[in-house]
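Please report on selected residues and on the domain layout of this model. Keep it brief, and put like items in a small table.

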Amino acid sequence: MTRIPTTRIIVTALLLTIGIFIAWSLLGPWPTVILTLLSGLGWLIGLTRIRGAAQHASTGARPHSLMGYYATYVALWTGLPSFLFLLAWVFLQGPVIEQLLIASLPAASAGDLTPSQISLLISEIRNVAAGRIFSEPEPYVLEAAERYGRWVAISGQMKLAAIAAVALLGLSLSASRITMAFRARQGVERIVNVLLLVSSTLAILTTIGIVASLAFEAFRFFERVPVTEFLFGLSWEPQIAIREDQVASAGAFGAVPVFAGTILISGIAILFATLIGLPSAIYLSEFAGERQRNIIKPILEVLSGVPTIVYGFFAVLVISPAIRTFFGGTLGLETSPQSALAAGLVMGVMIVPFVSSLSDDAISAVPQAMRDGSIALGATRAETMLQVLLPAALPGIVGGMLLAVSRAIGETMIVVMAAGIIASLTINPLDSVTTVTVQIVTLLIGDTEFDNPKTLSAFGLGLFLFIFTLGLNVIALQIVQRYREQYE
Amino acid sequence: MSSRETLFGIPAPDWADPAMQRRMRRRHGGTHRLRWLGIAAITGAIGLLLLLLVSIFSIGYSAFTQTVVTIDAPVAAEFIDADDITESNWNRMARAAIATLFPDDAAGVRDPDYREVLSRGGYNVIRNTLRDRVIANPELVGETLRITVQTADPFDQLAKGLVRRDTPEDRRRVNNRQIAFYDMLVEEGRIERRLNFWLLTNTDNRFPEMAGLAGALRGSAFALMVCFLISFPMGIATAVYLEEFAPKNWATDLIEVNINNLAAVPSIVFGLLGLAVFLNFFGLPRSAPLVGGMVLALMTLPTIIIATRAALKAVPPSIREGALGIGASPVQVMTHHVLPLAMPGILTGTIIGLAQALGETAPLLLIGMNTFITDVPEDVFSKSTALPTQIYIWFDSPERGFVSRTAAAIMVLLGFLLFMNAAAIFLRARLERRW
Amino acid sequence: MLDRVKEKMDDRKKVQMDHPTGRVETSAGTKIQSRKVNMWYDQTQALFDVSLDIPDRTVTALIGPSGCGKSTFLRALNRMNDTIPGTRLTGQIVLDGVDIYKGDLDPVQLRAQVGMVFQKPNPFPKSIYDNIAYGPRIHGLATSKSVLDGIVETSLQKAGLWDEVKDRLTEPGTGLSGGQQQRLVIARAIAVSPEVILMDEPASALDPIATGRIEELIHELRENYCIVIVTHSMQQAARVSQRTAFFHLGKLIEVGDTADIFTNPKEQKTQDYISGRFG
């Protein structure tokens, strides 16, 4: 028996542990145990079969692949299909049982109830089934809860039986293919390749998930509120009244003040970040020595590594009061405690590293020949920097700033904590404004029902946020890319 | 030399001209100013970072100690149910214990001023401690038990000098009578300041002096675990596929573009995804670390993929060629040679990605990890908060005492981030090989 | 680019060039005189005791195998080496009777007087007009727009580029061909009215036709400027220069009239080099 390298044993053990952990946390203990045991069984059967085949073969004949590959092949075919099957089961079980439940409720299926009433009813039934009974439930709810509990139990048992069947099927089919000539290594590697391909589609699935969920919910929102009102309306009051007769019970969904507030705060942020970041970049690329750079750059990078919730706290506790003292007290201007200026400044601090790093890269990418050419004409270093290097680096700097703008627009916690909730249309930085992200959080925090315009409007905002930041990024990356190519 | 001839009518600079000398001074001054502008900007940026850290530390450090009162609680036989000790009147016993603290002028056990000195959650602590210890050891009946409970936040602040005695009484959070009582307790040696372990061992509480991070820490740990378990293998698999096996075609390009764009999608959009898909469509439990971890995994994935690809690229082709040359299959080359060599780089990227995920707040708010929960989550399905969302909850609480708790929790969060980033830097410095 | 070259010297010092401390008598007709110039990059010595007289209104060619120090010497003449950290120089380089390394001479002024053209054409990413106008603008040479226009036109004419670009002065200089770019750069240097023009292998990146035009241009400019040209091509040195200096391993081996050096070298090393035995 050849010695297997220790690292490989460790890596295999690690992978197995991770796999079992995922299965355990996603699927629960029993399915995991069944899957692990059956896969182990498959491994053993694979090994036994190829050993047997090798013994019966003529002397000197060897199997096509190493023995371990045959065992792994069978184990993979036992474990993987049933794992996927189980995953699908777990994800679909909830919705399927819910539909069955709705179908079995005369009141719900007859269409007498609104969707929100149905979901309330469903959660009541679930609560009752789980033993959380708050008041005396209606008899039909008790009955449904009992049905629900029974179905969940049945589903659980069926699930175990089904995965065992799928696993055994995979085991027998793959084991039957094992002969001396069977190319087990290629078989295993094909599975590995497919697994790799499948995981790389997760990124695509995520994007599809984002687009689909945003578009779907936003579409439902625009069914209730016209797109034109959303895009051009000047009043944003999404509060839906609890009683029909309350004032503004319909809510107003004109997002212009929200967009304007977002632009105001991001504008302040990018202005501040440029004021700090660009001179820093100039200093780093022109005046700082190697050692200074190696110290200063990481410190500046820390600014973008601090969690945004920390910045939010900082804005509320330090910057806002300081701004109020200065503008409100010293200058006597009317200053809101949640001024756009405070949120914008702190957000600006956060994106300083974006501007400084990308500008530094852009300036440093300008060929040395440009600098030499300017210096040789008798230009000072400042003239060389401001009149030759900066203009040459401008596309790269602009690209970096666009990335920073996109980051600022999508930033949430700083504005949630330091900016206002009320949407007002103003360009006064000392006033309180609100942003897209603040509205999304405010609208969706707490228990949410997916059937009123208030909740859905958050997805409308989210859709535009996504489209806008994505667009900015694509443009910025293209500018940066083209700039790089120019000097390569 | 100052009298230079003019060639072809092109004027030559006359350096001796006073106007020209002024001009030169101004030009050189420009370089000087540019340098100082840069220094000022960098100093400003670093100064702001320091201001941030210092202000958080100066607010937060006080929450790492807590003022406590020691009570000598009599376990009087009159409260004990002789037949079934578990049925004893623990409430009355607790009230009696508290009453032992009060001076003679107290208007009974419920004296409104004096009651406020102890934490409002302290009553439960006293009752439960008495109950648990006496039931565990019935021989304690007739003895006195020493029990320490937190003071209410205003008195904690008083002890720390944050509530000042020289403030006029009507603008002070504690009145003169309460201060007199407090001073009496100090004199009796019952007041003590302790290291606030409760901050780490207690769960969330409505009373700041009782609130702790235990639930949030466990929730964050669960969420990060789920995040790691999904994003680490998937990230490596994706990177390996794209870097080593993917054919060069439009589908591969699509995946690459996708990953680059995902890295720039605002975090809150991932929260919307989690809400709409994981909670609403698949019906996964709200506020669960499982869902939080899954959302964070999707956000961390691009970081890990990009780091892994960089690490794989850094492995020189000679190693692949060497292994291929002796007949190893591409998968064997990858698993036996390239991946182990790239592992330090991959781990560094993973740790940095996880550190980002740990500080991420917005998506967790949307999936409801900001609920008030007083239990430590048992598994990834339980309702839970996470460290950053707990910070947000405390930040959002009106009680004054939560301000320093918020800052203290931020210090805990920054501590974890510092540790993780230090680990990443250490890994990079020690293990990463340069070719 | 981390290893970005930093300018080490202090730009802020400023005086006139005829500062008393730097005044040195030189023989008539000599524009630049170097005496015992030694130079180091960090620990490595690049020049050893180079003493060379460069006459005015003449083309002096510096030749020698690569790494011989000819470019280093050239860059020492307008203190371009100052921009590389870790360089050190001893000895004397005298321009018009002033030691350019002594006193608090301002290298910015020096460089306006001693122009330089590099191996690869390096027009700025600006319009053709702005490329030329850059120097006059920073030095404040033009009192009005029309004067500046005149400077630009004259410089381009002297560089033999005017007819080719006069209709597209607003187009970017980077859009020109390699040879045109190099002439643009020469025009840019002419526009600040230098007395000396240093050329560091100005034609090595160009095709033969463009090279021919540059050589013609050098020939014309000789009448008004002191020109020092570094070249790796001995044919080029023979074609354009009147005097030639041969460098080897950081030492000046031999200097003389170009005709003498190529037909009748005194030193064995020079003989070996021009006959192609090394380098």
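In this predicted model, B:L413 sits in helix 16 of chain B, which covers residues 401-431. B:L413 is buried, because its relative accessible area is 0%, below the 20% cut-off. Its contacts, leaving aside neighbours within four places in sequence, involve two chains. From chain A come A:P307, A:I309 and A:V310. From chain B come B:L358, B:G359, B:L387 and B:I391. B:L224 lies 189 residues from B:L413 along the chain, and 13 Å separate their C-alpha atoms.

Next, the backbone. Most residues other than glycine have a negative phi. B:S287 has a positive phi of about 65° and is not a glycine. C:L249 also has a positive phi, near 50°, and is not a glycine either.

Where are these residues found? B:S287 is in the loop between helix 10 (267-281) and helix 11 (289-314) of chain B. C:L249 is in the loop between strand 9 (243-248) and strand 10 (251-257) of chain C.

Are they buried or exposed? B:S287 counts as buried, because its relative accessibility is 1%. C:L249 is exposed, because its relative accessible area is 59%, over the 50% cut-off.

Now the domains. The assignment gives domain 1 and domain 2 in chain A, and chain B is likewise divided into domain 1 and domain 2. Distances are between C-alpha centres.

| Chain | Domain 1 | Domain 2 | Centre separation |
|---|---|---|---|
| Chain A | residues 6-181 | residues 252-487 | 47 Å |
| Chain B | residues 72-194 | residues 214-431 | 46 Å |

Key:
Residues are numbered from 1 along each chain as its sequence is written. Chains are lettered from A and ligands numbered from 1 in the order in which they are written. This is a predicted model: local features need pLDDT of at least 70, side-chain atom pairs count only at pLDDT 80 or more; totals for chains, interfaces and linings use all residues. Side-chain values use heavy atoms; hydrogens and water are left out. Helices (H or I, at least four residues) and strands (E, at least two) are DSSP runs, numbered from the N terminus. Buried means under 20% relative accessible area, exposed over 50%, partly exposed in between (1.4 Å probe, protein chains only). Contact means heavy atoms within 4.5 Å. Domain bounds come from an automatic or database domain assignment.
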